Amino acid sequence: EQGWLVVCLIYQVLYNLPYSYTITGGCRFIIVAENFFSCLKCELVHHKHYKTRSESQVDIFAYIEAYYNSVRPQSTLNWLSPLAYEHMLSIYAAKVA
(Lines give C-alpha, C1' and ligand atoms only; values in the text may rest on other atoms or scores of the structure.)
Protein backbone atom coordinates (compact mmCIF):
# COMPACT_ATOMS: atom_id res chain seq x y z
CA GLU A 1 0.00 0.00 0.00
CA GLN A 2 1.18 3.51 -0.76
CA GLY A 3 -0.55 5.18 2.19
CA TRP A 4 2.64 7.00 3.16
CA LEU A 5 2.52 8.84 -0.17
CA VAL A 6 -0.94 10.19 0.57
CA VAL A 7 0.14 11.29 4.05
CA CYS A 8 3.22 13.03 2.63
CA LEU A 9 1.17 14.84 0.03
CA ILE A 10 -1.39 15.92 2.64
CA TYR A 11 1.36 17.32 4.89
CA GLN A 12 3.01 19.05 1.95
CA VAL A 13 -0.23 20.75 0.94
CA LEU A 14 -1.37 21.63 4.48
CA TYR A 15 1.95 22.99 5.69
CA ASN A 16 3.54 24.00 2.38
CA LEU A 17 6.54 21.77 3.11
CA PRO A 18 9.23 20.90 0.58
CA TYR A 19 9.81 17.20 0.24
CA SER A 20 11.88 14.67 -1.62
CA TYR A 21 11.91 10.90 -1.95
CA THR A 22 14.47 8.40 -0.80
CA ILE A 23 15.90 5.83 -3.19
CA THR A 24 13.33 3.31 -1.97
CA GLY A 25 10.52 5.80 -2.60
CA GLY A 26 9.96 6.91 0.98
CA CYS A 27 8.81 10.51 1.27
CA ARG A 28 11.10 12.75 3.27
CA PHE A 29 10.78 16.43 4.07
CA ILE A 30 14.49 17.02 3.70
CA ILE A 31 15.00 19.35 0.77
CA VAL A 32 15.97 22.21 3.09
CA ALA A 33 18.59 20.05 4.83
CA GLU A 34 19.87 18.74 1.50
CA ASN A 35 20.26 22.31 0.24
CA PHE A 36 22.04 23.44 3.41
CA PHE A 37 24.58 20.63 3.32
CA SER A 38 25.16 21.19 -0.38
CA CYS A 39 25.94 24.86 0.31
CA LEU A 40 28.13 23.95 3.26
CA LYS A 41 30.17 21.54 1.16
CA CYS A 42 30.52 23.88 -1.82
CA GLU A 43 31.22 27.06 0.12
CA LEU A 44 33.39 25.76 2.95
CA VAL A 45 34.31 22.12 3.39
CA HIS A 46 35.59 21.32 -0.11
CA HIS A 47 38.06 24.20 0.10
CA LYS A 48 39.72 23.14 3.35
CA HIS A 49 41.59 20.23 4.84
CA TYR A 50 40.98 19.78 8.56
CA LYS A 51 43.55 18.12 10.77
CA THR A 52 41.16 17.37 13.63
CA ARG A 53 37.44 16.96 14.14
CA SER A 54 37.37 19.85 16.61
CA GLU A 55 39.00 22.13 14.04
CA SER A 56 36.25 21.29 11.55
CA GLN A 57 33.52 21.76 14.18
CA VAL A 58 34.78 25.24 15.08
CA ASP A 59 35.01 26.25 11.43
CA ILE A 60 31.57 24.88 10.54
CA PHE A 61 29.99 26.53 13.59
CA ALA A 62 31.54 29.87 12.60
CA TYR A 63 30.29 29.42 9.02
CA ILE A 64 26.73 28.75 10.20
CA GLU A 65 26.55 31.48 12.85
CA ALA A 66 28.60 34.24 11.26
CA TYR A 67 27.74 33.76 7.60
CA TYR A 68 24.94 31.34 6.70
CA ASN A 69 22.40 32.48 9.30
CA SER A 70 23.09 36.18 9.00
CA VAL A 71 24.90 37.38 5.87
CA ARG A 72 24.41 34.81 3.10
CA PRO A 73 21.57 35.66 0.66
CA GLN A 74 18.77 33.08 0.82
CA SER A 75 16.59 32.16 -2.14
CA THR A 76 13.54 31.76 0.12
CA LEU A 77 13.96 35.37 1.26
CA ASN A 78 14.01 36.79 -2.29
CA TRP A 79 17.81 36.70 -2.24
CA LEU A 80 18.10 38.90 0.85
CA SER A 81 20.31 37.98 3.76
CA PRO A 82 18.44 36.98 6.92
CA LEU A 83 19.58 40.20 8.62
CA ALA A 84 18.39 42.35 5.72
CA TYR A 85 15.08 40.48 5.62
CA GLU A 86 14.52 40.95 9.37
CA HIS A 87 15.35 44.64 8.99
CA MET A 88 12.85 44.95 6.15
CA LEU A 89 10.18 43.21 8.26
CA SER A 90 10.82 45.51 11.21
CA ILE A 91 10.42 48.57 8.97
CA TYR A 92 7.20 47.14 7.56
CA ALA A 93 5.88 46.33 11.05
CA ALA A 94 6.65 49.86 12.22
CA LYS A 95 4.73 51.33 9.26
CA VAL A 96 1.73 49.07 9.84
CA ALA A 97 1.58 49.75 13.59
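With a relative accessibility of 33%, Glu 43 counts as partly exposed (buried means under 20% relative accessible area, exposed over 50%, and partly exposed in between, with a 1.4 Å probe and protein chains only). The model examined here is predicted, so local features need pLDDT of at least 70 and side-chain atom pairs count only at pLDDT 80 or more, while totals for chains, interfaces and linings use all residues. Residues are numbered from 1 along each chain as its sequence is written, and side-chain values use heavy atoms, with hydrogens and water left out.

Glu 43 is a good place to start, as its side chain meets that of Arg 72 in a salt bridge, at 2.9 Å from N to O. The pair joins distant parts of the chain: Glu 43 belongs to helix H2 (residues 31-43), Arg 72 sits in the loop between helix H3 (53-68) and helix H4 (82-96), and the two are 29 residues apart. A salt bridge is taken here as a side-chain nitrogen of Lys or Arg within 4 Å of a carboxyl oxygen of Asp or Glu. Helices (H or I, at least four residues) and strands (E, at least two) are DSSP runs, numbered from the N terminus. In general, side chains of opposite charge can pair when their charged atoms come close.

Arg 72 itself is buried, at 12% relative accessibility. Its side chain also makes a polar contact with the side chain of Glu 43, at 2.9 Å. For such a contact, a pair of N or O atoms must lie within 3.5 Å; within protein, one must be able to donate a hydrogen and the other to accept it, and residues adjacent in sequence count only if both atoms are side-chain atoms. Which residues surround this arginine, leaving aside its neighbours within four places in sequence? Arg 72 is in contact (heavy atoms within 4.5 Å) with Cys 39, Glu 43, Tyr 63, Tyr 67, Leu 80, Ser 81 and Pro 82.

The count of salt bridges comes to two. Besides the Arg 72 and Glu 43 pair, the side chains of Lys 48 and Asp 59 meet at 3.1 Å, N to O. Lys 48 lies in the loop between H2 and H3 and Asp 59 in helix H3, so this bridge ties together parts that are eleven residues apart in sequence. Lys 48 is partly exposed, with a relative accessible area of 39%.

Aromatic side chains add another set of links, and the count comes to four aromatic pairs. The ring centres of Phe 36 and Phe 37 are 5.1 Å apart and their planes stand at 70°, so this pair is edge-to-face. Rings of Phe, Tyr and Trp (its six-membered ring) pair if their centres lie within 6.5 Å; planes under 30 degrees apart count as stacked, over 60 as edge-to-face and the rest as tilted. Phe 36 is buried at 15% relative accessible area, whereas Phe 37 is partly exposed at 46%. Tyr 63 and Tyr 68 form a tilted pair, 6.1 Å centre to centre with 40° between the planes, and both residues are buried. Ring pairs link Phe 36, Phe 37, Tyr 63, Tyr 67 and Tyr 68 into a cluster.

To close with the overall picture, the protein has four helices and two strands, which follow the pattern α-β-β-α-α-α along the sequence. Of its 97 residues, 20% count as buried.
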